[in-house]
Structure formats: structure tokens, C-alpha cells
Amino acid sequence: MEGETQKMNLFQSLTNAMDIILDSDPTAGKDRVFNTPLSEQGIVGFGIGMAAAGATAIAEIQFADYIYPAFDQLVNEASTFRYRSGDLFNCGSLTVRAPCGAVGHGALYHSQSVVIPRGPIQAKGLFLSSVRDRNPTVFLEPKILYRQAVEEVPVSDYEIPLSEAEILEQGSDVTLVGWGTQVHVLREVCKMAKEELGVSCELIDLQTIIPWDEETIIKSVLKTGRLLIAHEAPLTAGFAAEISSTIQENCFLSLEAPIQRVCGWDTPFPHIFEPFYLPDKWRCFEALKKIISY
Amino acid sequence: MLRAGLRSLTSTSPLNKPDLNTARTYEQLKAGVSIKMRMGCILKIIVASPSKKGLLVRARGLASEVNEAEFELSDCPIHKLDSGPAKKAVLTRDDGLHFYRQMQVIRRMENAASTMYKSKVIRGFCHLYSGQEACAIGMQAAIHKDDSIITAYRCHAWTYIRGIPVADILSELAAPCMLMYEVNDVKYDLSEKLKGEGRKNGCSKGKGGSMHMYGHEYYGGNGIVGAQVPLGGGIALAHKYRDNGQICVTLYGDGAANQGQVFETYNMAKLWDLPVIFVCENNGYGMGTSVERAAATTEYHTRGDYIPGIKVDGMDILTVREATRFAADFTRSGKGPILMELTTYRYYGHSMSDPGTSYRSRDEVQSIRKTRDPIMSLREKLLDSGLADTDDIKRIEKEAKEEVDAAVKVAQAGPEPALDDLFLDVYADDNMEGHKIRGCDNWIRQATN
């Protein structure tokens, strides 16, 4: 990622990525970008149909909170298309964008890829990979980072590989795993651990939730012996449960303490309780202390 | 209904002037036909005999000579249209025999599937098309090779019509009877775990089964009620976007017609004037619920509201063909979507787990078989008009039987999918060696741990 950069927030970076995709096919004009009615099931269904017919389709669900009517299309149609046709058909050129966060996301997806970036630079690179990937992709965009996260984003075309986690900080005592907005919370927890407890944390941004990078997490936990996973989605059947299970299967003899999950509670949450619902740095820090003192 | 249609056939041909029993010599007829052919006219045959037996006798001498006949079609009520499909249609001998063969193959293929199911060679889901043959064949006859089709789970006939051999279809249906393997001297029998879905030489590699078969511009059977309808809209959107002149025929049943996403698709298809024909194959029952008990209005051709519609006799192949030709011309010309309701009937239950007798009477099924059967209807048309004789009919039926019998043998003898296939085709390039799919391999783990 060298060359010219430009200050962009997350949505500007995504817009920039989509401009690159559109420019790569100069045959058509502005009519390629259009509004749809509010029909989530229809939007995703149309996207699958277009992709199956060979077009590149980027479908946007305005907010992931409203993606549920389209779940049948995502789970039963998109993710199984290649398999049930014995690879005769697929909708791999479909990418579904959905701004998300503070409300559940996570474990219910099936075999399409699910990607979530932590900031503008990752957003652009991961998005370009998602569009060009030959599998349908659900691309979740943390709402809160839309304007808040601003970075110097390379203006050129670049890709960040899917299904590869990124180690943001090397450490030796505890592995912290998160994605999207939660990465920034965990970064603060790293800092607090170092300053207040003298504990060295290894921070990992998972980036792709499905199919996820088991190897990087396993290697890290084999080294540190301790794991904390945090996400905004509810605890039960959240993706932390899947990671936790895989790690105990693979790192059982290396674990020094039970794996800690810091997640949203298994409740709906009204606005008034949002601060209590979110897995903020204090809750994560408490869990970290439990791990260390086990 | 059919007999009435035939009786009302009009004719201006000199051939109907003489007494058919006495005046027609072979030479006279031959001369008459060839003159007509040279003039480029349609040979019209009148059928006025009260007895079917008599018709067949007279038809025999004509068979090799009659190349075209014109028929009156069933009436098609229209919705938001100034005019509907043609009221008469010409059937050529070649087309007629071809349609008859396709119908015979489909009927026999579905019967074979039913038999194989009962002997547990086929398991899992299985929905049969018997009774509805005129719909698929009639529609395909009026669209282009590159036009798209997407349908629901009752998809065997469409798969065949789109060029997949019967053997491949039945192979896709045939379940592995025994799937065994051995690890570290321990034998594992997966026949129970993998039962129900296909053989390796099936048209979806044995992994799709009854509801998931595909072909050229044929986007398959789809298992979720109504979920294929937005996909069809998307396929049409791609055609429009690429301006390739293709249209998409998007099919669903009377049960799916009440799904919300169908109406979402109507809206977007009309909003963007997509080249799509929505086809509601109304066989009278959504699983075990009659249309009257499920729909506020059973006039399915009007339920697109702002989308023009036609109600079509789905048991008459020529009416289906002409209505589809009309609908295809309409939407291909850029006028936007159009809706066709095909009134039809299924002889079998909804699926193999439904005997199909608890919500309708045996008498009802029998009466449809006797009065509206699409195969019988075409056979009578062919024989009564002289487009075919009984030898033609017998020959075609024999060929169809042989084709299906041979396919059954292939399907029963084909190899089962290898265990490795379980993990392939999940993601692109899955066929890489050593690629592992998470979460699919519990019993391998059990076997190897």
C-alpha cells in the first residue's frame, strides 16, 4: 500500500473502492448505481439473480439491523448455490454491504464470507477483495466508524486478503481477539493492561468472520496460553463461542486459564441501557484480570 | 373441452369437401396436400366424426402427408391488456410429434421416479410433474434457447426440457443404497447419514437431489417456496443491464403466490420494466390447501395489480405455447413484466410424503385424468387431424418407454458420490487438494481421533 494517499473516513473509503470497481468496467454509465424500494428480501434476491447471470452485483442493505428479512435469501439461496448445483452455478460476484454495529451481528451466517473492517484503510482493501472474490460476501460496516474513523487511505487500487487475521500488537501473556469497532476498545485494554498490570497483550483483528483464520489465533494462544474474545453481539451463539470451542480443541494443553468471552448480553437493549450492554473497555479489563489471576 | 375445441375447427380446405371415407385416394390426397404446400397455405382439417374410432381409421392414410393443422385455442382471460394471445394456432407434424414425445418421456420419467421412491432407491424430497406436462413444454416451445428459466422444486420436467438427459436426472435422484469406508481397520457405514440425495453422475453431481437441477440458462429448481422469484427478477435485471435481448421466465406455484417477496419482485420488475414473464403454475393446491382456502382472490393473473396478466389453460399445450409467445413478445419488446397464470393439475400428491387424497377426492383426480389430461388431449389432436397415425403414437410411446427404462438402469447402477465430494463446492476452488471445510467432518474426526 504505497503511493498517494488521501484523508478519508470509512464511508468515503468505501465509496472510493466502489468507484474503482465501477471504473474497471467502462461499458456502462451512471444507471449502474440506483435506489431500490425497501425490500430486503427482494434486494438480496435480485443481487443473487444478477450474480448468477454473470454480472457483478453490490447490494446494499441500508442497515444490518434490517437484514433479517433477507436472511432466507442469504442463508438458503446465496450460500448454498454453488454446492447444490455441483458448481454449475454460483453467485460469487455478489457482495452484500450492510452498515452494522451496536446491534447483533455474527454467528448465523452460513458459507458465504462475512467480512468486517476496523477502519477506512482496511475497509477499502477488504471491500475490493470481497467484490472480486468468487464467493458471495456479506460486508458489514461498523456504523459508528462511518464518520469518526479517518485515515490516510491510498487512492490506488489495493486488496487486503480475506480470511486472514491481522496481528496489530505482538504480546506474550494474553491474546485479545476482536473485529470492527471492538478492535479499538481492545487496543485501549492492551494499553491499560500494560500500564496498570504490566501484562503484555497480543491484539488480533479477525477481519473475516467466515471463513476465519484459525491458524493465526491458534498460534497466538499456543504462545500466550490465554484468550479473551470480545464482540458486541449477544453472548449466546455469538461468534466468540465458535472461536472459544475451536481453541479449546486445538490448544487444550497450552491453556493457562479458561477462555473469556466479553459480549453483549442475551437481551434486546433500549437506548438507555446501551452503555451497560456494550462490551466496553472496563468489562474487557475485568475479564482480563480474571484470566491473569486464575 | 378438447373434443369441443376440435369440433369447432374451421376449414376452408377443399379436402373436407369430399366424403372422407370414399373420395380420398392416396393420390388425390397427396396432390391436394402438395398443392396446398406450394401455395404456402395452412392445411386445414375438419373433424366432424362422432366416433374416435372412425377418426383413427381415416387418419391412418393421411399421416405421412398432413404436415400442418390449425386448432382453436382455449379462451385466455386478460388483465390490463387491450388484446390477448392468438385464438387459433397451427401445429406442424414435426412439432406435434416432438411435443408428444417430450410429454411421454416426462410422464414416464415421473412414474419411474415414483416407483424408485417406493422401492427406496430415491429418498428425501421428491415432487412430481405428472399432469402439468403441457406447461413446461408449451412454454419452452415459444421462447428462445438463450432465454432464462428459474423455477421452484417441481423441476424434473424443466430440467429435461432444457436438455438434460433422463438418465442424469434420475441419477441425481437415486440415493446411495450403501456407502461404506474403512479407517484404521474400522468400518463405517454412512448409508444412513448420507441417504436421500443422488449419485455422482447426476446432473448436480448427486449433491442437489430432486429440487436442485440446472442447465443452460436454467437457474434451477429452488427449494424455498417463493424464494426463486426475486432471483428471477435479478436475472431479468442482468439481461436488461446487458441489453442482450434475453428474457427470464420466472415460475412459482399457487402456494408461493401468497409470499411477500413475490409482491416485492412485482414492484421492482414493473418499476424498472424488466424483461420477465412471471408464471403462476396453478395446480389447485398449495401442498394440501386448496387455492380457495389460501388466497383472497384466486384470479392469479390479476394479482400483479399494475402488471398485465393472462389466464391460460395449462392443460392445452398449444394454448400455453401461443400465450407464452404473446407474453415473450410483450416483455422482449421493452413493455416490462407480464404475468401468466397456467391453470393445471397435479396427479401425484404435493411430494412423495403426501398421498394426495386427504384434501381432494379420488374421483376428482380421475375426472381430470379423463377429461383434461394434456397428453390425451395432444394425442387426440394429432390423431384427429391426421398429423399422426396410431403407428406414430405407438412408436413414440415405445421409444419413450425404452429411453426411461434405460435411464432407470443407469441411475440404479451409477457410482455413489465419493465421501470427499461432501467437502467440495462450498467455496470457489474448493477442488484444491487438502482443502478442509470446517464443521462438515464430525464423523471423520470420530473415525480418526
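**Entry 1: a loop residue in chain A**

I began with A:Ser163, which I found in the loop between β6 (150-154) and β7 (166-169) of chain A. The model I am reading is predicted, and in it the phi of A:Ser163 is near 60°, a positive value in a residue other than glycine. I then looked up how far A:Ser163 is open to solvent: its relative accessible area is 26%, so I noted it as partly exposed, the class that runs between under 20% for buried and over 50% for exposed.

**Entry 2: a second positive phi, in chain B**

I looked up B:Glu217 next, which has a positive phi of about 50° although it is not a glycine. B:Glu217 sits in the loop between β6 and α8 of chain B. With a relative accessible area of 17%, B:Glu217 is buried, because the cut-off for that word is under 20%.

**Entry 3: a cis peptide bond**

Turning back to chain A, I checked the peptide bond from A:Ile210 to A:Pro211 and recorded it as cis, with omega near -10°. A:Pro211 belongs to the loop between β10 (208-210) and α8 (214-224) of chain A.

**Entry 4: the contact between the chains**

I then went to the interface, where 46 residues of chain A and 42 residues of chain B take part in the contact. The area buried between chain A and chain B comes to about 3600 Å², and carbon and sulfur atoms give 61% of that area. I asked myself which three residues supply more than any others of the area that chain A buries against chain B. They are A:Phe46, A:Tyr83 and A:Arg84, which together supply 22% of it.

For specific contacts, I noted 0 salt bridges across the interface of chain A and chain B by the rule used, whereas the count of residue pairs in polar contact, both at pLDDT 80 or more, is 10. On the side of chain A that touches chain B, I listed the helices that each supply at least two residues, namely α2 (40-52), α3 (71-78), α4 (81-84) and α9 (239-251). Helix α2 of chain A gives the most to that side, with 10 residues. Sorted by class, the side of chain A that touches chain B has 17 nonpolar, 17 polar and 12 charged residues.

**Entry 5: aromatic pairs**

I finished with the rings, of which the structure holds 17 aromatic pairs over all chains. One of them is formed by A:Phe81 and B:Tyr214, a tilted pair at 6.1 Å centre to centre with 45° between the planes. This pair crosses between chains, running from A:Phe81 in helix α4 of chain A to B:Tyr214 in the loop between β6 (186-189) and α8 (228-242) of chain B. Are A:Phe81 and B:Tyr214 buried or exposed? I found both A:Phe81 and B:Tyr214 buried. I also noted that ring pairs join A:Phe81, A:Phe89, B:Tyr214 and B:Tyr219 into a cluster.

Within chain B, I looked up B:Tyr285 and B:Tyr359, whose ring centres are 5.1 Å apart and whose planes stand at 50°, so this pair is tilted as well. The pair links distant parts of the chain, since B:Tyr285 lies in strand β9 (residues 285-286) and B:Tyr359 in the loop between β12 (338-343) and α12 (362-371), 74 residues apart. B:Tyr285 and B:Tyr359 are both buried.

Technical notes: Residues are numbered from 1 along each chain as its sequence is written. Chains are lettered from A and ligands numbered from 1 in the order in which they are written. This is a predicted model: local features need pLDDT of at least 70, side-chain atom pairs count only at pLDDT 80 or more; totals for chains, interfaces and linings use all residues. Side-chain values use heavy atoms; hydrogens and water are left out. Contact means heavy atoms within 4.5 Å. Buried area is the accessible area (1.4 Å probe) that two parts lose on being put together, summed over both. A salt bridge is a side-chain nitrogen of Lys or Arg within 4 Å of a carboxyl oxygen of Asp or Glu. A polar contact is a pair of N or O atoms within 3.5 Å; within protein, one must be able to donate a hydrogen and the other to accept it, and residues adjacent in sequence count only if both atoms are side-chain atoms. Helices (H or I, at least four residues) and strands (E, at least two) are DSSP runs, numbered from the N terminus. Ala, Val, Leu, Ile, Met, Phe, Trp, Tyr, Cys and Pro count as nonpolar, Asp, Glu, Lys and Arg as charged, and the others, Gly among them, as polar. Rings of Phe, Tyr and Trp (its six-membered ring) pair if their centres lie within 6.5 Å; planes under 30 degrees apart count as stacked, over 60 as edge-to-face and the rest as tilted. Buried means under 20% relative accessible area, exposed over 50%, partly exposed in between (1.4 Å probe, protein chains only).
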